Every structure is written in C-alpha cells, then in structure tokens.
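Please look at the sequence and the structure shown below before reading on. The paragraphs that follow lead from one buried side chain to the surfaces around the DNA.

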2 protein chains.
Amino acid sequence: MRSYGQYCSIARGLDVIGDRWTLLIVRELLLQGPSRFTELKRGLPGVATNLLSTRLKELEAAGLITREDAPPPIATALYQLSESGHALQPVLKEIGLWGLRFMVDERPDDAFQAQWLAYAPAWFTTDAEPDGPPAVIQLVADGELAVIELRNGRVHTRLGRATDPDLTLEGPPRSVLGLLTGKIDLDLATQLGLTATGRLDLLPRLRPVAQQPA
Amino acid sequence: MRSYGQYCSIARGLDVIGDRWTLLIVRELLLQGPSRFTELKRGLPGVATNLLSTRLKELEAAGLITREDAPPPIATALYQLSESGHALQPVLKEIGLWGLRFMVDERPDDAFQAQWLAYAPAWFTTDAEPDGPPAVIQLVADGELAVIELRNGRVHTRLGRATDPDLTLEGPPRSVLGLLTGKIDLDLATQLGLTATGRLDLLPRLRPVAQQPA
DNA sequence: CCGGATCCTCATTGATACTG
DNA sequence: CAGTATCAATGAGGATCCGG
C-alpha cells in the first residue's frame, strides 16, 4: 500500500494494515493459529491466490507474520503471527464489535464458516454469572458447528460438536449470532428460524459486551 | 468497496470502513468535529478532491456521516459524524495505539499537523496521579502547537498556546510524541532534539496506556 | 475562494490458467 | 499443494475546469 505520508499513528498503522484482505488474513491467523497457504485460502473465500501470496510477503516484510518451512519430509510452509501481528487482536475486536450492526440484514450469498460462528461469543460476550456452574452450549448454523463453554467465569468456544450440551441453538446464522450478541431477542430470533433446545435459562448468562461510549 | 461476501462482523465492518482514506476521514471528523469540505481536505494532505467527494457520499449512504447544508446565505455544507460514525472511535484508538510502534522511524516528507500532536496524549495516556493538582504542558513540534491539561484525573488536550505552562516540550515530532507515549525515554528524546523546560517532575504523571495482552 | 465534477493516466485487484 | 504468470477490470492520484 502506498503510504499516506502522515506522521500520525493511525495513518502509519493503516499504511501497514489498510490493504484489502490484510486484516482478514490476520483474522484467520488469530482464529486458526499457524496455517498453511491452503488453509488460509479456505478461510478466506473469494481471495485470489496471487493476492494472498502478495499479502503474505508484505506481512512478512512488515514483521507481522513469520514464515516457517516445515522440516524436510514435508514441503509445506507455515505462516504464523509475530508478536506485532498478535497485537492486532484488539483492533479486530473493535472492528468486529462495531461491525455487528451490519449483521442483521441477510445476504444469501455470503459465505459462512464455523470459525466466525465461534469467535463472536468468545470476543463479544462475557459470562454474567462468573461463579455459576460450568455449562455447554451447542451452536448450529448453516451446517457449521461450534461449542460455547462457560467455565471459570470465561466464555470459551471451539469448533465441532459437544457430547452432552445443556442448550442447543440451531438456526440461520443471523438468528444464532443476533441472539448471542444481543442484537435481537429470543422472540425475534425464533421468528427468524431459531430453534432453542434445553436450558433456556442459560441465555442470560451470555452478556453482550457494550461498546464504549464516546 | 466491493464486499468481501462473508457473514462475519469483521468482514462486514471492513466492507464499510476498509476503503482507502475512509478511516482517516472519520479521524478528522472525530478530532475536528463538524467540518466543511475544505477543512477536511486540509486535514488530509494528499487526498484527491474527487476521492474525498466520493468517500463523503459513500459515508453518507452508509449512515456514518450526515451532510447538512448551511442556511441559504452561506453555500457551504457541513459534514458530521452520526452515532454510527462516532462509534468508530474505539477502532481508531486501537489502530492508533497499535500504530505507535511505527512512529519511531523518521520520514522527513511526512506531513504533520497539530491535531495529531494533540490526540496522542489524550487517547494514549492517563494521569498517573489523578488526584494531583492541575497542570499544563505546552507542546511544540514542527511549528505545531498543542496544550495538555491535567485536571480532575483526566488528560485534556487542545490546539494552540498556553498562557503559563508548567512544562514545555519542544522538539521534532517523534521526540515529543515518543516521550509522551512512552516509546522513548527522556534521555533518548533529548538526543533526538527535545528541549524540556519547566517542571520535569510532571512527566511521570503521563502514564502510557498499555496494549491489552492477548 | 468554496465545493466539487470531469478527464486522463497509472497502480491495484480479481479471475483464471499454469507450473514445480 | 503452493504458489506464479497473465490479462482484464476496477480504483486511486493528479490536473483542470466550472458554477455559486
């Protein structure tokens, strides 16, 4: 990216992360950990391979990621975030929190992946009853599976299926995510196609984090 | 901007704010308040007028700013942030905080303006002695003037000159900002050309805010 | 002068095909 | 699998022009 040429930390930050796809690549590396080229490509539907390749080189040159060749038997390179790259997590959190306001409208062609189902509760909710007993919530949206685990006052998430969930939320992505992030209530979520099975009393434990007032 | 086509709040947020110049326009409106076209252009050295015009229309269409025609005698339009636009402040703060790491190197051709001198201490420092007596620090960098006022446990800043500052910091931008944001110490700042006059004991009261650990 | 609109040129991005 | 090469389409940057 061409520099803005301004001695301002916002402009200089954007010089590095302002390019198209750059922050989404960082998102994937944050959510998935060290990844191979093809894994990144899968997590970034729509990216052209040449562009992904270019961005990875730029990110490496800027010190945000490191590229590690796997030991000889395997011919595959691993990309992972450096400390600088990892430090972008708060930036992504704030963008994601702000971006929630655009999640209510439906766009049938949007891609949807389990990682994006998983990070939302982990980043955008807290356990309102931190000393409460552990609980497990199964999420199912658009065929993608994720699990929320409330434990030790923290909201953990992981991909996949839980063995014995206390509550299961299944429905279109915006009904599940809208409910979890507090953008819509249970009635509306149900109208949008959500099915909630199990201990509905667990829902109030997920408290959406509020945006800081200005 | 072309949509990323992903049902993810980060991607959807970036659909709106990911275009070149967009976040810097928001920065100017946050720092300057309601502004006219020409004021924005002045605060955004390097932007082409057609691009600024295009972005303002896009921002208005996205609901981030409102455009208000001044009463008939004057033919000037005022742009200001809507609630949605204002809600981007935390995003800009995190980007700016992250971007501080790139401020240590010097690029002689970078533009520099007083607003950028002023927002850094206000956003990136806190008063380490919130119950201490009020104090006033004059900043001078590259001919740009700003004032820090420590009062009621808050770090206020404004542009211009203070009448009777307790401390004056004068030097190249990176020496002043590097010292204030904790990226360099007083010795190094002095080597970089900083002159500090007055109550140096006030410096420790400006505590750089730490980046959240991952 | 203010607030843009138009036009032109160059740089970036996107889609797809291809290679070690 | 992990990219590179190619080329078309889009976007940015810069200069100029125009109506109030």
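**A guided reading of the model**

The side chain of Gln138(A) comes within 3.2 Å of the backbone oxygen of Gly160(A). It also reaches a second backbone oxygen, that of Ala146(A), at 3.1 Å. Both are polar contacts, meaning pairs of N or O atoms within 3.5 Å; within protein, one atom must be able to donate a hydrogen and the other to accept it, and residues adjacent in sequence count only if both atoms are side-chain atoms.

The model is a predicted one, in which local features need pLDDT of at least 70 and side-chain atom pairs count only at pLDDT 80 or more, while totals for chains, interfaces and linings use all residues. Residues are numbered from 1 along each chain as its sequence is written, chains are lettered from A and ligands numbered from 1 in the order in which they are written, and side-chain values use heavy atoms, with hydrogens and water left out.

Gln138(A) belongs to strand β4 of chain A, residues 135-141. Helices (H or I, at least four residues) and strands (E, at least two) are DSSP runs, numbered from the N terminus. With a relative accessible area of 3%, Gln138(A) is buried; buried means under 20% relative accessible area, exposed over 50%, and partly exposed in between, for a 1.4 Å probe and protein chains only. Leaving aside neighbours within four places in sequence, the residues in contact with Gln138(A) include Leu145(A), Val147(A), Arg161(A), Pro165(A) and Leu169(A), where contact means heavy atoms within 4.5 Å.

Chain B offers another buried polar side chain for study. Arg205(B) is found in the loop between β8 (195-198) and β9 (206-208) of chain B. Why does Arg205(B) count as buried? Its relative accessibility is 5%. Apart from neighbours within four places in sequence, Arg205(B) has contacts with residues including Asp127(B), Glu129(B), Pro133(B) and Leu150(B).

The next topic is helix α7 of chain A, residues 114-124. Because 10 of its 11 residues are buried, this helix is largely enclosed by the rest of the structure. Among the buried residues of α7(A) are Trp116(A), Leu117(A), Tyr119(A), Trp123(A) and Phe124(A). Tyr119(A), Trp123(A) and Phe124(A) form one aromatic cluster. Rings of Phe, Tyr and Trp (its six-membered ring) pair if their centres lie within 6.5 Å; planes under 30 degrees apart count as stacked, over 60 as edge-to-face and the rest as tilted. By this rule there are 12 aromatic pairs over all chains. One of them joins Trp98(B) and Phe102(B), whose ring centres are 5.1 Å apart and whose planes stand at 70 degrees, so the pair is edge-to-face. Both Trp98(B) and Phe102(B) are buried.

Aromatic rings also take part in pairings between the two chains. The charged end of Arg20(A) sits over the ring of Tyr4(B), 4.4 Å from its centre, and the charged end of Arg20(B) sits over the ring of Tyr4(A), 4.3 Å from its centre. The rule requires NZ of Lys or CZ of Arg within 6 Å of the ring centre and within 35 degrees of the ring normal. Tyr4(B) is also in contact with Pro45(A), which lies in the loop between α3 and α4 of chain A. At 24% relative accessibility, Pro45(A) counts as partly exposed.

The account now turns to the DNA. Arg20(A), Asn50(A), Thr38(B), Thr76(B) and Tyr79(B) come nearest of the 20 residues around DNA strand C; a residue is near a strand if one of its heavy atoms lies within 4 Å of it. Of the strand C atoms within 4 Å of the protein, 72% belong to sugar or phosphate and the rest to bases. A polar side-chain atom of Thr49(B) lies 3.0 Å from a base nitrogen of DNA strand C, and a side-chain N or O atom of Ser53(B) is 2.8 Å from a phosphate oxygen of that strand.

DNA strand D is surrounded by 19 residues, and Thr38(A), Ser53(A), Thr76(A), Arg20(B) and Arg55(B) are the closest. A side-chain N or O atom of Asn50(B) lies 2.8 Å from a base oxygen of DNA strand D. The largest share of the surface near DNA strand D, 4 residues, comes from α4(A).
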